[in-house]
Amino acid sequence: ALVAVDDADRVHGFLLADVDRSLGRVWWHGPYVDVPADHPAADRIWERTADALYASARTLPDLATIADSELFGHVEHRRLAQFAHRHGFPEGTYTSVLALAGVDLVRVIGSVPDRIDGIEIQDFPTPPTDSVAAAGLIRLHEESFPKTYVSAAQLLSGDDERTSVIARNGGGRVVGYAVGKAQQADYYLDFVAVAGDCRGRGIAGALLTQLVQRLADRHGARTQVCATVDGANSASRRMMFKL
């Protein structure tokens, strides 16, 4: 974390770098710069402060060997878009944050997950006790989310507070999984994926329903559950809107 302060130590900007050495990637949060909206030089102040924060961050030892960067911001944040262009960040696709709250969240927590013929939704402990299920989850995770922010090894380590559920068919094959965690203000759904030959049967909705229930059981009440969905992933968006 880097901060920009004035002579009186008042904070006027900050930038966070989330580095994962195992993946060789850094995620940038910010820059955030506090500039009065009506200041005649607002754009110039924002630009100079943001660039200085980024330049300082790039000198940190933890970032010396990291070449893969991702920067996220609101699609209407003009100054951040200009910052990204100046520093060579390629344009990506947009994502949407979907939220479930109020009566709809209570309904999901109180409902019985759909029963799909031949498919069983199960808790998946971490570290795993079933090597076959672990291998199936790893394969599905790497196929569905290549180069994502949490590797399969991290999901299986049990070192964090994530909760996982899996879907298995009658032959024991893992055909789907969902992973999420409880945050201070909400539940967050990290991942949900279903094998290509099993989609369209309601498995993803059943996985998410059971996952939210497990999060509520283990961590108590939250006001909402959130998920970030790629703008081009129409199937996931439809499934979540149905919930």
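The following exercises, each with a worked solution, introduce a predicted model of one protein chain.

Residues are numbered from 1 along each chain as its sequence is written. Because the model is predicted, local features need pLDDT of at least 70 and side-chain atom pairs count only at pLDDT 80 or more, while totals for chains, interfaces and linings use all residues; side-chain values use heavy atoms, with hydrogens and water left out.

**Exercise 1. The whole chain**

Task: Describe the protein chain by its secondary structure, extent, burial and charges.

Solution.
- Step 1. The chain holds 7 helices and 10 strands. Helices (H or I, at least four residues) and strands (E, at least two) are DSSP runs, numbered from the N terminus.
- Step 2. Along the principal axes, the C-alpha atoms fill a box of roughly 65 × 40 × 30 Å.
- Step 3. Of the 243 residues, 41% are buried. Here buried means under 20% relative accessible area, exposed over 50%, and partly exposed in between (1.4 Å probe, protein chains only).
- Step 4. The chain exposes about 13,900 Å², of which carbon and sulfur atoms supply 52%. Accessible areas come from the Shrake-Rupley method with a 1.4 Å probe; for residues, only the protein chains shown count as cover.
- Step 5. Among contacts between residues at least 6 apart in sequence, 64% join residues at least 24 apart. Contact means heavy atoms within 4.5 Å.
- Step 6. The mean positions of the 25 positive and 31 negative charges lie 4 Å apart. Lys and Arg count as positive and Asp and Glu as negative, whereas His and the chain ends are not counted. The place of a charge is NZ of Lys, CZ of Arg, CG of Asp or CD of Glu.

**Exercise 2. The sheet of 4 strands**

Task: State the strand order of the sheet formed by 4 strands, then follow its pairings and the helices that lie across it.

Solution.
- Step 1. The order is β1-β2-β3-β4, in an open sheet with mixed pairing. Two strands pair if DSSP finds at least two bridges between them.
- Step 2. β1 (2-5) and β4 (68-72) stand at the edges with a single partner strand each, so one side of each has no neighbour in the sheet.
- Step 3. Neighbouring strands are turned by 20° against each other on average, direction ignored. Axes are lines fitted to C-alpha atoms, for helices over the stretch in contact, and angles run from 0 to 180 degrees between N-to-C directions.
- Step 4. β2 and β3 run antiparallel and are joined by 7 bridges; Gly13 stands opposite Val33 in β3. These two strands form a hairpin with 4 residues between them, and Gly24 in the turn has a positive phi of about 65°.
- Step 5. β3 (residues 25-33) pairs with β4 in the parallel sense over 5 bridges, with Ser69 in β4 as the bridge partner of Val26. β3 is mostly covered, since 7 of its 9 residues are buried.
- Step 6. Helix α1 (residues 42-57) lies across β1, β2 (11-20) and β3, at about 150° to β3. Helix α2 (residues 78-86) lies across β3 and β4, at about 165° to β4.

**Exercise 3. The sheet of 6 strands**

Task: Determine the strand order of the sheet formed by 6 strands, and place helix α3 upon it.

Solution.
- Step 1. The order is β5-β10-β9-β8-β7-β6; the sheet is open and its pairing mixed.
- Step 2. β5 (95-101) and β6 (119-123) are the edge strands, each pairing on one side only.
- Step 3. From one strand to the next, the twist averages 25°.
- Step 4. Helix α3 (residues 102-110) packs on the sheet, touching β5 and β10 (224-230), and its direction makes about 75° with that of β5.
- Step 5. β5 and β10 pair in the antiparallel sense over 7 bridges, and Ala227 in β10 is the bridge partner of Leu98.
- Step 6. β9 (residues 187-194) and β10 pair in the parallel sense over 3 bridges; Tyr187 has Val225 in β10 as its bridge partner.
- Step 7. β6 and β7 (residues 163-169) pair in the antiparallel sense over 5 bridges, with Gln122 opposite Ile166 in β7.

**Exercise 4. One residue of helix α3**

Task: Decide whether Asp104 counts as buried, partly exposed or exposed.

Solution.
- Step 1. Asp104 is found in helix α3.
- Step 2. The relative accessibility of Asp104 is 40%, so this residue counts as partly exposed.
- Step 3. Asp104 and Gln224 are 120 residues apart in sequence, and their C-alpha atoms are 9.4 Å apart in space.
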